[in-house]
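Here is a brief report on one protein chain. Start with the sequence and the structure, then read the notes below.

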Amino acid sequence: MPYIKQEIREAVREGTPISAGELNYKITHAITDYMEGKIINYEFLNGIVGALECAKQEFYRRVLVPYEEQKRFENGDVYADE
């Protein structure tokens with residue numbers, strides 16, 4: 001959960017997070033800002049979850065998979081060991 005110290009929250013909202021907790025806080029804050037003044041219903045909330053899921057999947061596809069492929073190339077495939 002994004003429960004970072006009160007005294008750093010504004011700096012994190014306005015700057016670049018330096019930890020996973022701060023990143024979680026910044027994402028959570030962006031979502032709560034987006035929700036402000038909106039009619040909250042299942043469709044709206046489901047849209048937020050969908051946006052988060054798609055962002056996660058795109059990050060995985062574009063950043064994590066190439067990283068893992070490079071490490072497999074450098075260190076050898078663990079499935080080849082079996």
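## Model confidence

pLDDT is the predictor's confidence in each residue, on a scale from 0 to 100. The model is predicted. Its protein chain has a mean pLDDT of 94. Of its residues, 96% reach 70 or more.

Confidence can also be read by element. Helix 3, residues 42-75, has the highest mean pLDDT among the elements, at 98. Helix 1 has the lowest, at 94.

## Arg 9 in helix 1

Helix 1 spans residues 6-14 and contains Arg 9. Arg 9 is buried, yet it has no salt bridge. Its nearest side chain of opposite charge is Glu 7, 7.9 Å away. A salt bridge needs a side-chain nitrogen of Lys or Arg within 4 Å of a carboxyl oxygen of Asp or Glu.

What does Arg 9 touch, leaving aside residues up to four places away in sequence? The contacts are Tyr 3, Ile 4 and Tyr 25.

## Two positions in helix 3

Gly 47 sits in helix 3. Its relative accessibility is 41%, so Gly 47 counts as partly exposed. From Gly 47 to Ala 20 the C-alpha to C-alpha separation is 24 Å. In sequence, the two are 27 residues apart.

Leu 64 also belongs to helix 3. Leu 64 has a relative accessible area of 32% and is therefore partly exposed; the partly exposed class lies between the 20% and 50% cut-offs.

## A nonpolar surface patch

Leu 64 helps to make a nonpolar surface patch of about 440 Å². Its partners there are Phe 59, Tyr 60, Val 63 and Val 65.

Note on methods: Residues numbered from 1 in each chain as written. Predicted model: local features only at pLDDT ≥ 70, side-chain atom pairs only at ≥ 80, totals over all residues. Heavy atoms only, no water. Helix = DSSP H or I, 4+ residues; strand = E, 2+ residues; numbered from the N terminus. Buried < 20%, exposed > 50% of the residue type's maximum accessible area, 1.4 Å probe, protein only. Lys, Arg positive; Asp, Glu negative; His and termini not counted. Contact = heavy atoms within 4.5 Å. Patch = residues over 30% accessible without salt bridge, like charges linked within 9 Å, V, L, I, M, F, W, Y side chains within 5 Å. Areas by Shrake-Rupley, 256 points an atom, 1.4 Å probe, with all protein chains shown as cover.
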